[in-house]
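Welcome! Take a moment to turn the model around on your screen, and then read on for a guided tour.

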Amino acid sequence: MAIETLVLGAGQEVGKSCVVVSINGKRIMFDCGMHMGHQDHLRYPDFSLISKSGDFDNALSCIIITHFHLDHIGALPYFTEVCGYSGPIYMTYPTKALGPLMLEDYRKVMIDRRGEEEQFSSENILQCMRKATAVDLKQTVQVDKDLQIRAYYAGHVLGAAMFYAKVGDTAMVYTGDYNMTPDRHLGAAQIDRLRLDLLITESTYATTVRDSKYAREREFLKAVHKCIANGGKVLIPTFALGRAQKCTGALRGRRGVVGRGDELCILLDDYWERMNLKVPIYFSAGLTIQANMYYKMLINWTSQKVKDSYATRNAFEFKNVRNFDRSLINAPGPCVLFATPGMISGGFSLQVFKQWAPYEENLVTLPGYCVAGTIGNRLMSGKPTKIDLDENTVIDVRCQIHQLSFSPHTDAKGIMDLVKFLSPKHVILVHGEKPKMESLKGRIQSELGIQCYNPPNNDTVSIPSTHYVKADASNAFIRSSSTPNFRFPKIPGGNSELGDERVAEGVLIMEKSEKAKVVHQDELLEMVGGMKHEVQFAYCCPVQISNIERTSDSELSSRNFGLHKLLGKLSTELTEDSIQDCGEHLQLESLYISVCSRDNCTYRATDDCVGDKSAITYFCCTWSAADEKLAWEVISIMKELHVTDT
């Protein structure tokens, strides 16, 4: 059996997250996003790769949506209402609440402002979301008798979740987007230590390691304060509804901002209070009103600090933040303005940028990641002096540019920490840029010893799945397992904290209509009615045993003394193995060593005898072919021994 992973989106790119995983006959679609940088057929995943006939209900067991960003949910109404999928859909409660708002606003922006052909209607969005089942954190959902899923807190935005899926003995986790460090309103990702065959993780910041949160906040506040002190205006393009993804349109004020906008608002509001600043902070249209409603409704999804203080103080009631009237764009004096969308790819943030960019005293901050093709990306790639918006519009860029480090995605250290913590058998990287993914892939394989893949879009990765067989055990196998002669093999890429596994060897047999059974290897031939054929090797080895009287009366004590002394010498030389004293012989694996009392032993090489032959004791060694190397190692040690009774 194998786990087949078809990457329909976010393969060696950021955007259009969609991964279809087949596990032991079950097929799960994780996320169903759109790519905001394309207006052609590349906008949506190629759903024909799931089913050529278009029978998606039979082709998929369920769909799982990790959070409400459009690059994770944007194609869902199209897939359900236009393509016809009507099977199970699962998402968290906040995602089900906020997803329709993101989708409806995107639809309006595309139709009203860009004049594009409608991909799906408002009714399509409503019908789609009615099909979705909301799940809570750590709630185990039995999709059918074989498939179960469970959501874990991912940070990132309100309602974002990692999803665990298990079919039979095979298990995997799909992370979606996540953050391993808490911010001012969301906690860090949390997940149980699970036994996984596969981990599919985002890798947006595959090579970035961020400095301390305090240093990043201080840098941001310093840049803002310097700008307003010089009479400049600060534009902070922000993602609506929780660092909403690479959106080309601004969310309306009545929809609210839940995410980086609120995180930075909390930071600036506190700073304004401490510094007693009177410069206005604006949110375009009144977005904070609806934000407060969402946080009150979804308070359990915020950070512990916000939850603990909410009863006495609402962290989202900003004393220094007010609504922005568009007539104030060119008003004199300094100010700070939050405007959507976050990548200056259209909407109100672009309108403001056109007006403020030509002036050196102004400042534009940018989110941590901007999709290629957006103005934000062009500004981050190297400050241009001019930006050609279209054939009739050229923007002079003389303002200051500052890149924010308040990303909702985990950094390279966070990804490595999660992979190490979960220690899956295989890792697949998605949602990242190819060169950076290659670097992270190399680290996962070399440092953690875990096989890693980073497939492009429309490629399939196949990995083996786990299948556990419940079996009985014979009495002989159980007895052999209770002896102390275990081997302790190292687990490649294993977690040293868990220690090494203790292994007992047996033979698994399965007969028709009978339960599987583990038997001792010596039982197998008798069970199958075969005859035992074993090749034995032997060698009679001389060892000098001095200062022992060789009388017939002391023959027995001499033999026991020789074995006892030989055991002590071999035990110090063979540090990695355990040699056992069985009374009349010594045993190591299949190697047996006993005192040879035959004068004409067939296996004795007389030319090996050196020195005083009267002080020589012969030890007969027998072994099987499997331990030939071990046997000659022991014999070479014995030949060099000179054992005395002192």
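Which residue in β8 is the bridge partner of Val141? The bridge partner is Ile149. That pair is a good place to start, and we will come back to Ile149 shortly.

**The whole protein**

Please keep in mind that this is a predicted model. The protein has 646 residues, and 53% of them count as buried. Its secondary structure includes 18 helices and 31 strands. Among contacts with a separation of 6 or more, 72% are between residues 24 or more positions apart. The accessible surface amounts to about 29,900 Å², with 48% of it belonging to carbon and sulfur atoms.

How confident is the predictor? The mean pLDDT is 83, and 84% of the residues reach 70 or more. Two stretches call for more care. Over residues 242-259 pLDDT stays under 50, and the model has 98 contacts beyond four places in sequence for them. Residues 486-500 also have pLDDT under 50, and here the model has 23 such contacts.

**The seven-stranded sheet**

Val141 and Ile149 lead us into an open sheet of seven strands with mixed pairing, in the order β7-β8-β9-β10-β11-β20-β21. The edges are β7 (140-142) and β21 (451-453); each has a single partner strand, so one side of each is left without a neighbour in the sheet. From one strand to the next, the twist averages 20°.

The table gathers three antiparallel pairings of this sheet.

| Strands | Bridges | A bridge pair |
|---|---|---|
| β7 and β8 (147-153) | three bridges | Val141 and Ile149 |
| β8 and β9 | seven bridges | Ile149 and Ala165 |
| β9 and β10 (170-174) | five bridges | Tyr164 and Val173 |

Ile149 thus has Val141 as a bridge partner and Ala165 in β9 as another. Strand β9 itself is largely enclosed by the rest of the structure, because six of its seven residues are buried. β9 also forms a hairpin with β10, with two residues between the strands. In that turn, Gly168 has a positive phi of about 65°.

Helices pack here too. Helix α13 (residues 412-422) lies across β9 (161-167), β11 (198-202) and β20 (426-430), and runs at about 170° to β11. Helix α14 (residues 434-448) touches β20 and β21 as it packs on the sheet, and its direction makes about 165° with that of β20.

**The six-stranded sheet**

Next comes an open sheet of six strands, paired in parallel and ordered β14-β13-β15-β12-β16-β19. Its edge strands, β14 (321-324) and β19 (400-403), each pair on one side only. Here the twist averages 25° from one strand to the next.

Within this sheet, β12 (residues 233-237) and β16 (residues 363-366) pair in the parallel sense over two bridges. Leu235 has Val364 in β16 as its bridge partner. Helix α6 (residues 213-229) packs on the sheet and touches β12, β15 (335-339), β16 and β19, with its direction at about 140° to that of β12. Helix α11 (residues 347-356) packs on the sheet as well, touching β12, β13 (281-284), β14, β15 and β16; its direction makes about 150° with that of β12.

**Aromatic pairs**

The model contains 13 aromatic pairs. In one of them, the ring centres of Phe324 and Phe348 are 5.9 Å apart and the planes are at 50°, so the pair is tilted. Phe324 belongs to strand β14 and Phe348 to helix α11, so the pair ties together parts that are 24 residues apart in sequence. Why does Phe324 count as buried? Its relative accessibility is 6%, and buried means under 20%. Phe348 is buried as well, with a relative accessible area of 3%.

Elsewhere, ring pairs link Phe47, Phe56, Phe79 and Tyr85 into a cluster.

**A helix in the open**

Our last stop is helix α16 (residues 521-528). Is this helix enclosed or in the open? None of its eight residues is buried, so α16 lies largely in the open. Gly529 follows α16, and its phi is positive, near 75°.

Technical notes: Residues are numbered from 1 along each chain as its sequence is written. This is a predicted model: local features need pLDDT of at least 70, side-chain atom pairs count only at pLDDT 80 or more; totals for chains, interfaces and linings use all residues. Side-chain values use heavy atoms; hydrogens and water are left out. Helices (H or I, at least four residues) and strands (E, at least two) are DSSP runs, numbered from the N terminus. Buried means under 20% relative accessible area, exposed over 50%, partly exposed in between (1.4 Å probe, protein chains only). Contact means heavy atoms within 4.5 Å. Accessible areas come from the Shrake-Rupley method with a 1.4 Å probe; for residues, only the protein chains shown count as cover. Two strands pair if DSSP finds at least two bridges between them. Axes are lines fitted to C-alpha atoms, for helices over the stretch in contact, and angles run from 0 to 180 degrees between N-to-C directions. pLDDT is the predictor's confidence in each residue, from 0 to 100. Rings of Phe, Tyr and Trp (its six-membered ring) pair if their centres lie within 6.5 Å; planes under 30 degrees apart count as stacked, over 60 as edge-to-face and the rest as tilted.
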